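Colleague: I'm new to this one. Could you show me the structure and walk me through how you label things?

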Amino acid sequence: MIIVMKLGATDAALRHAEDRLREFGLTPHLIVGAERTIMAATGKEKSGLQAALEALEGVEKVMSVLAPYKLASLESHREPSVVKVRDFVAGGGHIGVVAGPCSVESRQQMLEMAHLVKSVGATGLRGGAYKPRTSPYSFQGLKEKGLELLAEAREATGLAIFTEVMAPELVPIVARVTDVLQIGARNMQNYPLLEAAGESGLPVLLKRGPSATIEELLLAAEYVLKTGNEKVILCERGIRTFEDHTRFTLPLATIPYLHEKSHLPVMADPSHGTGKATLVGPMARAAIAAGADALMLEIHDDPEHAMSDGFQALTPPVFVHVMQECRRVAAALDRTLG
Ligand code: PEP
Ligand code: MN
């Protein structure tokens, strides 16, 4: 930890800051400059220390050298983590693909989409049974019936099921069926939900909130990891910016940046990230080139009549083509995809 004292901080303020550091079990090392004094503190940082020091008279700035997200950080876990569930693998040179409709709509739709996903060699099947919709008047999902249809689609194909859980009390219900619990962007900072999802022991797909910083995303992941559940996949799904040519702005630099900071595998979601079907393929390819460990793609056999997000859904022939292209980009980078 580095403590920068104010210009003209008194000796008494300096001594007091040193005493406070020792009380927290740290050793202060003074660097006395012509204008100001800086203190480097060594030892194990405790929670509350930074805030306590920032409140001191004479202290201008306190900087922690260690990441605040201990368990998610590369500092605590040097090797990249791999999350594996059924045949879906994210990380370790493999790019896991989860595809499916935005919402589970009907038995026929779910089974058809599941067989399509399976036929192109993808390993994860998505479909929202509980839908977080901006308007309370929009389709809210088939709920438990939707979960049953997902279970049937898995039975028929063996694909790993990814579906969203929107509230802590729904975790036991959704966990009975799903292979991966998806925490949606709107719920990234719903801390009781993060803890409940972590405690289920199931892998958790954590989507970045559209206004959340990367540090906030990693601290949200920390809530899951702190329960002892190490199976967390981070998902970049686009953020809010001034741009209005896409639904969200998909910042692909997030992917290599997250790999510099964290051992957790990173998924890219170009469907929500662009909100435009024509942009999904190019951004999926770019995400792979940027190092994504997994992809989420929304597909629909009849986007015009989709109950949600039809505008960003790939039709079956386009999906097949996008998968072929993505596989070629992955192969060029010595990675496998599916
Ligand atoms: C979804 O995956 O359908 C979804 C609602 O995503 P997000 O939480 O990223 O908006
Ligand atoms: Mn959607």
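**Around the ligand**

Modeller: Sure. Bear in mind this is a predicted model. Ligand 1 has 13 residues around it, and those that come nearest are Arg126, Gln182, Ala185, Lys207 and Arg237.

Colleague: What makes the pair between arginine 126 and ligand 1 a polar contact?

Modeller: An N or O atom in the side chain of arginine 126 is 2.7 Å from an oxygen atom of ligand 1. The cut-off is 3.5 Å, so the pair counts. Glutamine 182 passes too, with a polar side-chain atom 2.9 Å from a ligand 1 oxygen. For glutamate 298 the distance from a side-chain N or O atom to an oxygen of ligand 1 is 3.4 Å, still within 3.5 Å. On its own, ligand 1 has 300 Å² of accessible area, and the protein covers 97% of that.

Colleague: How many residues of each class are in the shell around ligand 1?

Modeller: The count is 7 charged, 3 polar and 3 nonpolar.

**Helix pairs**

Colleague: Why are α6 and α7 called oblique to each other?

Modeller: Helix α6 (residues 191–200) and helix α7 (residues 214–225) have axes that cross at roughly 45° and come within 7 Å. Roughly parallel needs an angle under 35 degrees, and roughly perpendicular starts at 65. The angle fits neither, so α6 and α7 are oblique. The crossing is right-handed.

Colleague: And how do you know what to call α10 and α11?

Modeller: Helix α10 (residues 277–289) packs against helix α11 (residues 316–332) at about 20°, with the axes 9 Å apart. That is under 35 degrees, so the two are roughly parallel. Here α10 passes α11 in a right-handed crossing.

Notes. Residues numbered from 1 in each chain as written. Chains lettered and ligands numbered in written order. Predicted model: local features only at pLDDT ≥ 70, side-chain atom pairs only at ≥ 80, totals over all residues. Heavy atoms only, no water. Near = heavy atom within 4 Å. Polar contact = N/O pair within 3.5 Å; in protein donor to acceptor, adjacent residues only side chain to side chain. Areas by Shrake-Rupley, 256 points an atom, 1.4 Å probe, with all protein chains shown as cover. Nonpolar A, V, L, I, M, F, W, Y, C, P; charged D, E, K, R; others polar. Axes fitted to C-alpha atoms, helices over the stretch in contact; angles between N-to-C directions. Helix = DSSP H or I, 4+ residues; strand = E, 2+ residues; numbered from the N terminus. Parallel < 35°, antiparallel > 145°, perpendicular 65-115°, else oblique. Left-handed = near helix turned anticlockwise from the far one by under 90°.
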